[in-house]
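User: I'd like to learn how to read a structure like this one, feature by feature. Can you walk me through it?

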Amino acid sequence: MLPGQLEGSYIQRRRLEEPSQKLEFVRTLLIDNYDSYTYNIYQELSIVNGLPPVVVRNDECTWEDLFHYLYEEKAFDNIVISPGPGSPTCPADIGICIKLLLECKDIPILGVCLGHQALGYANGAQVIHASEPIHGRLSEIAHNGCRLFHNIPSGRNSGFKVVRYHSLVIDAESLPKELIPVAWASSTNTLSFLGAQKSDVISDTYESLLCEQFSINSSSRKFNNGSLRPSVDSEAIQNGQVLMGIMHSTRPHYGLQFHPESVATCHGRQIFKNFREITEDYWLRLRSSCTSQRKVNLAACMQVPQMSEMFRDVCKSRKLASTLDQRSDWPLYNMENHLHQNNGAKFLKLKWRKLDGLASKVGGATNIFCELFGDSKARNTFWLDSSSIEKRRARFSFMGGKGGSLWKQVTFRLSDQSDMTSGVGGYLLTEDAQGSTTSTYLEDGFFNFLKKELQLICYDEKDFEGLPFDFYGGYIGYIGYDLKVECGMASNRHMSRTPDACFFFSDNFIVIDHYNDDIYVMSLQDSVKIQTVWLDLVEQKLLSLKAHARRKFFSLNSQPVMNAPFKLEFLAEKSREQYIKDVEKCQAYIKDGESYELCLTTQLRKRIGEIDSLGLYLKLREKNPAPYAAWLNFTKEGLCICCSSPERFLRLDRNGVLEAKPIKGTIARGSTPDEDELLKLQLQCSEKDQAENLMIVDLLRNDLGRVCEPGSVHVPHLMEVESYSTVHTMVSTIRGTKRSNVSAVDCVRAAFPGGSMTGAPKLRSMELLDSLESCSRGIYSGSIGFFSYNQTFDLNIVIRTLVIHEGEASIGAGGAVVALSSPEEEYNEMILKTRAPVNAVKEFQRGAPSEE
């Protein structure tokens with residue numbers, strides 16, 4: 001709940017004086033069952049209720065804590081219980097939820113998915129395996145007109161299609177008399193997303209007009225008090241249709257097996273609106289029926305201002321296991337003090353020059369990088385390389401080397417976590433521009449260090465007026481996958497051979513605008529000592545370059561590669577048989593409800609010895625150009641990264657807009673134009689690939705929802721197919737507006753690692769994957785990109801990447817395992833994703849020439 005959002009205690013007193021009026025806003029306690037879709041519900045409730053709910057994890061508070069707020073402080077109007085992994089029969093999975101359902105008889109409660117199953121289980125119904133797991137797939141819903149489905153059509157071809165994520169169901173035949181079925185899947189078959197598309201940007205007006213076109217067919221009878229009581233559909237039970245909704249006969253408790261918050265569910269917001277109206281009417285009826293002594297427990301009949309601070313303060317005084325202010329998975333409300341209030345603030349000045357239309361005249365990005373930064377084996381250099389700019393997928397490239405007086409390299413390694421108790425601390429090695437090094441132990445981890453570093457920088461926004469890009473100097477490098485322990489994961493089972501994060505602070509660098517063919521020469525300096533020497537030298541060198549001049553980098557090999565004593569083949573960490581067995585284990589976890597989707601990966605390795613790494617990168621970018629490609633050379637670490645990633649993880653621009661572009665769904669290119677088009681269509685129409693993509697879209701919406709303004713998260717592009725040199729991929733775009741009181745690093749920490757590399761729910765999925773995978777992913781599955789000093793960033797997902805470390809090349813690859821997966825096809829897809837980097841190494845070692 002956002003501080004300051006409520007208007008003051010006089011409003012609350014006025015509400016009590018005017019009980020006939022409905023509430024101006026509704027306060028929801030949202031119980032999070034460690035799910036990756038909870039904050040999609042959070043966003044919906046924020047819009048529908050008029051203010052955000054308070055989110056509490058299911059093991060975070062005791063019953064005494066919650067009783068205090070629900071019945072003594074009267075701080076909430078209703079409760080929503082989120083989806084989550086596992087089963088309601090397992091106390092570790094469901095936490096406090098069963099207690100709430102049993103004790104809070106007089107508070108409206110809505111359970112979603114796992115919360116729905118918990119409502120059934122708490123009242124005596126049996127929870128069993130579904131006939132098949134359904135995750136990220138759609139069904140049409142028939143309901144019988146109860147209040148929760150007011151203004152929503154029903155049945156086949158009605159337009160009421162919903163997204164399902166579940167492996168377990170309530171056994172309809174075991175329902176006690178207290179629980180009444182209110183909704184069913186109208187068919188045993190699921191639907192393709194095509195033809196059922198619905199973006200969450202569709203207006204409420206359009207949706208209400210749509211609803212008016214359908215009549216709601218309800219089979220119901222009257223309660224004794226005159227309200228509608230839907231009857232049990234015995235025919236649905238006999239036909240094997242899955243129970244999709246229940247309600248309690250005497251308590252204001254409801255359950256939904258499907259996910260109303262999904263981007264592809266129709267009428268989801270209307271369901272939340274209906275639950276708000278149910279809540280309002282429930283309290284109005286209770287108020288009018290109570291005596292002046294008010295002996296009935298009127299939970300949340302007062303609107304308490306500043307609830308969020310009160311809740312946190314009391315929880316702290318009750319010694320909760322986690323401190324909410326410090327938790328990386330909590331909505332991030334508190335920023336550091338303003339820049340000028342920090343001790344050690346640094347005032348920096350940006351100087352830059354624009355060379356119009358020069359890039360192609362001097363040989364393009366490759367020639368510019370090689371001429372300016374390619375000497376001495378391109379030591380300590382970077383190149384964020386938009387090597388594929390077709391269809392405006394990318395526009396700018398950033399390149400540089402060891403620069404001016406502000407340059408430094410920071411290298412972070414997590415502590416040895418073999419004992420599972422060392423937390424998120426680690427050692428930071430810093431090398432400055434003069435070559436001096438210092439080592440520091442970071443007790444709070446790398447993300448907190450980076451956040452503080454960026455917040456210490458002061459600047460004048462006028463310095464970068466007129467620049468069309470968002471990097472003006474700052475940190476460029478990578479975040480390794482194992483930094484997931486700083487983002488909510490309890491521990492790492494494996495340790496990375498490479499550093500867990502490595503960044504240059506870049507002060508002198510070049511930017512190429514591929515759309516307009518312009519070059520920008522950039523220099524970030526201490527405001528006390530402004531110099532233009534580097535700007536002058538680089539401008540002069542660029543203007544003197546001969547068009548299309550090119551250095552022969554392949555001649556840098558110390559000996560012919562064919563004579564090198566290394567095998568040409570990469571060796572996989574796991575055999576084909578073991579990988580297939582791991583896919584089957586993933587599917588067993590999915591069947592048991594432990595996950596919806598697991599992104600299983602492995603590594604291929606090969607000893608390559610001394611090699612011209614830059615020449616190898618040029619070969620890779622030639623063979624597999626990509627919009628989020630990158631070259632990084634951390635010389636002292638013996639580490640070069642040759643990345644040809646087509647996937648953006650997360651970007652924050654200067655306007656505060658966050659964007660994620662996850663890829664899920666991949667198929668090989670065809671050998672002829674007709675075959676290629678057929679394969680592209682096959683990917684687009686694949687129910688399995690649609691389900692994979694939808695699950696990750698909903699996950700990214702959740703991650704952005706934790707740090708974005710309520711109502712701002714939307715999906716402008718859903719399941720579009722993009723084509724690259726070796727594969728077609730299915731890509732979606734999620735955007736939202738960052739809240740003003742969260743930092744750039746907060747945004748990354750809320751979403752890292754990228755959901756397309758984990759599966760959902762994210763935390764449980766990462767735990768399961770750690771148990772299946774035989775080594776650390778290291779840099780693979782992490783992110784490469786920049787953090788600009790003005791709190792913008794752009795990061796990719798590290799895939800299709802060669803990591804060269806201490807004479808060994810490694811390639812990570814994998815794929816999303818879902819209930820519909822074929823283990824053999826999953827193995828083949830994993831191998832397909834290694835094709836571009838493996839072939840680049842083979843061709844380069846054979847001495848094949850590279851041509852741009």
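Analyst: We'll go through a sheet, a hairpin, a helix, some unusual backbone spots, the cysteines and a pocket.
Before that, some ground rules: this is a predicted model, where local features need pLDDT of at least 70, side-chain atom pairs count only at pLDDT 80 or more, and totals for chains, interfaces and linings use all residues. Residues are numbered from 1 along each chain as its sequence is written, and side-chain values use heavy atoms, with hydrogens and water left out.

User: Let's start with the sheet. What is the strand order in the open sheet of 9 strands?

Analyst: Strands of a sheet pair through backbone hydrogen bonds, either parallel or antiparallel. Here the order is β2-β1-β3-β4-β11-β10-β7-β5-β6, and the pairing is mixed. At the edges sit β2 (54-57) and β6 (161-170), each pairing on one side only. From one strand to the next, the twist averages 25°. Strands here are DSSP runs of E, at least two residues, and helices are runs of H or I, at least four, numbered from the N terminus. Two strands pair if DSSP finds at least two bridges between them.

User: How many bridges join β1 to β2?

Analyst: There are 4, and β1 (residues 28-32) runs parallel to β2. Leu30 faces Val55 of β2 across that pairing.

User: And what does a hairpin look like here?

Analyst: Take β16 (residues 426-432) and β17 (residues 437-442), which are antiparallel with 6 bridges. Gly426 has Leu442 in β17 as its bridge partner. Between the two strands are 4 residues, and in that turn Gly435 has a positive phi of about 95°.

User: Is helix α3 largely enclosed or open, and why?

Analyst: Largely enclosed by the rest of the structure, because 7 of the 10 residues of α3 (residues 63-72) are buried. Buried means under 20% relative accessible area, exposed over 50%, and partly exposed in between (1.4 Å probe, protein chains only). The buried set is Trp63, Asp65, Leu66, His68, Tyr69, Leu70 and Tyr71. Just past the helix, Lys74 takes a positive phi of about 50°.

User: Which backbone oddities should I look for?

Analyst: Most residues other than glycine have a negative phi, and most peptide bonds are trans. His267 goes against that with a phi near 65°; it lies in the loop between β11 (253-256) and α9 (268-289) and is buried at 1% relative accessibility. Arg800 also has a positive phi, about 50°. Its loop runs between β34 (793-796) and β35 (801-805), and its relative accessible area of 9% makes it buried. Pro837 is 37 residues from Arg800 in sequence, yet their C-alpha atoms are 6.4 Å apart.
For cis bonds, check Phe752 to Pro753, with omega near -10°, and Ala760 to Pro761, with omega about -10°.

User: How many disulfides does the whole structure have?

Analyst: A search finds 0, a disulfide being a pair of cysteine sulfur atoms within 2.5 Å. For Cys747, the closest cysteine sulfur is that of Cys708, 6.7 Å away and too far for a bond. Cys747 is buried too, at 2% relative accessibility.

User: Last one: which residues are closest to the centre of the second largest pocket?

Analyst: Arg393, Tyr628, Arg648, Arg651 and Asp794, out of 38 lining residues. A pocket is an open set of points on a 1 Å grid over the protein atoms alone, where a 1.4 Å probe fits, with protein on both sides within 12 Å along at least five of seven lines; lining residues have an atom within 4 Å of a point. The space in this pocket is about 830 Å³, the volume filled by probe spheres set on the points.

Conventions
Axes fitted to C-alpha atoms, helices over the stretch in contact; angles between N-to-C directions.
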